[in-house]
Amino acid sequence: MLPRLGSVFKDESKLDISYVPRRLPHREKELRILFEFFSFLLRDPLRMTQKVLIVGDVGTGKTALAQKFGEDITRLGGVNIKYVHVNCRQYRGSLFLLLSNVLSAFHPSFPKRGLSAEELLNILLQVMDEQNVYTILTLDEFESLIDKEGSEAVYKLTRLQESRIGKPHRISLICILKNLEFLNTLDASTRSSLQSNIVYLERYTQDQLVDILNDRVQIAFNPNTVPDDTVNLIAELAHSEGGNARFAIELLWRAGKYADAEGMRVVTPDCVRKAASSTFAMIRKSDLVQLNFHEKLFLLSIARFFKENEEAYASLSEIEQAYAITCEEYGVQPYTHTQLWNYLQNLSALGIVKKKVSIAEGGRGRTTLVYLPSISASELEKELVELLEKN
Ligand SMILES: Nc1ncnc2c1ncn2[C@@H]1O[C@H](COP(=O)(O)OP(=O)(O)OP(=O)(O)O)[C@@H](O)[C@H]1O
Ligand SMILES: [Mg+2]
């Protein structure tokens, strides 16, 4: 694609979410660990399988890391190693749909109707035997599969070889998930079959985000269009959004669009600020207006909690305490726990807040944790205070 005359961009596609960068700064170590786990593949693949979990928060590079590893290992390992990456959520967590897709990668026209997931799995292994390939299957957003299919499906996937004694091993698994706690919903033996090798991806620090952004600036923008200050500001904002590289890259792209729209030659920090606040205004304002008075107070309390605390998650009782204080400030009686629980469901359905269930060690006791997606707590607070004044 020819760059547009006068645009700050050289190649916008390098900022696309599906683009897998050639280099992954600050994930070199994790890439090496993956290679260690799979080093047997380069020596004697057919005698072993491996199961690896990649765990990390939103935008910590899980998908990118796995894809990069897939590219590298297939290049080094020759024709017999195939890397297949499937996103479980895309198949609504259905093992059947997911396996049909994997099978299509080997045998595009195979008729799958009327077959069970288990039969598909056997056919898949048979086809791999025939083609003499070894597959690394990555199950991205693995939570979705657990959610839909539970232990049995996961168990089947992890114990494939047990019904194939004496035959060559064919499939290794990489499962990607945001939080290990999700595995607590699996039964103990399935869980233990999965949990041996884990690669944790920490949230990116601000400096790391600067490096990641600078790499993208090089390949996506014309020379001297993105000053250091701009990159630093984006890194700072993305760091406060939980060290989320996706947020950083999206904001970089939006700020560039903003500069182009204004006919500017340089992406200034102000383009970043405008891009950041305009996305917020576009997606959320209409949702916020519709909330009722106490829902607004409740959400305001969530925003304030995260503004005042470094924590990524808040328990419902912490939010309730903050809500009681907000009610006092607005001179109203707080609503009951059940009422607040319903508000939380509504807010999370709207995507304004997110929640997850955390299960205590040993499976006893569940706590609901609340967190904010890519919304800045202070922006949210500001919006709500303004809206409440109009009430
Ligand atoms: N170390 C890195 N270097 C360069 N780009 C990166 C790096 N880490 C992440 N990215 C980029 O940031 C974006 C988000 O990364 P990715 O999709 O891999 O995150 P994720 O952990 O899979 O997030 P989610 O949990 O939401 O699926 C992608 O565009 C990816 O290319
Ligand atoms: Mg991902």
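This is a short chat about the sheet and some of the helices in a predicted model.

Me: How many strands form the sheet, and in what order?
Reply: In this predicted model, 5 strands form an open sheet, and reading across it the order is β2-β3-β4-β1-β5, with parallel pairing.

Me: Which strands stand at the edges?
Reply: Those are β2, residues 81-87, and β5, residues 197-201; each has a single partner strand, so one side of each is left without a neighbour in the sheet. On average, neighbouring strands of this sheet are turned by 15° against each other, direction ignored.

Me: How many bridges join β1 to β5?
Reply: Strand β1, which covers residues 51-56, is joined to β5 by 5 bridges, and the two run parallel. Within this pair, Ile54 of β1 stands opposite Val199 in β5.

Me: Which strands does helix α3 lie across?
Reply: Helix α3, made of residues 62-77, lies across β1, β2, β3 (134-140), β4 (171-177) and β5, and it runs at about 165° to β2.

Me: New topic: at what angle do α9 and α10 pack?
Reply: Helix α9 (residues 228-240) and helix α10 (residues 245-261) pack at an angle of about 140°, and their axes are 9 Å apart. That makes α9 oblique to α10, and their crossing is right-handed.

Me: Which residues make that contact?
Reply: From α9 they are Thr230, Ile234, Ala235, Leu237 and Ala238, while α10 brings Phe247, Ala248, Leu251, Leu252 and Ala255.

Me: And how many of them are nonpolar, polar or charged?
Reply: Sorted by class, the contact of α9 with α10 has 9 nonpolar residues and 1 polar residue, with no charged residues.

Note on methods:
Residues are numbered from 1 along each chain as its sequence is written. Chains are lettered from A and ligands numbered from 1 in the order in which they are written. This is a predicted model: local features need pLDDT of at least 70, side-chain atom pairs count only at pLDDT 80 or more; totals for chains, interfaces and linings use all residues. Two strands pair if DSSP finds at least two bridges between them. Helices (H or I, at least four residues) and strands (E, at least two) are DSSP runs, numbered from the N terminus. Axes are lines fitted to C-alpha atoms, for helices over the stretch in contact, and angles run from 0 to 180 degrees between N-to-C directions. Two residues are in contact if their C-beta atoms, placed from the backbone, lie within 7 Å. Angles under 35 degrees count as roughly parallel, over 145 as roughly antiparallel, 65 to 115 as roughly perpendicular and the rest as oblique. A crossing is left-handed if the near helix is turned anticlockwise from the far one by less than a right angle, and right-handed if clockwise. Ala, Val, Leu, Ile, Met, Phe, Trp, Tyr, Cys and Pro count as nonpolar, Asp, Glu, Lys and Arg as charged, and the others, Gly among them, as polar.
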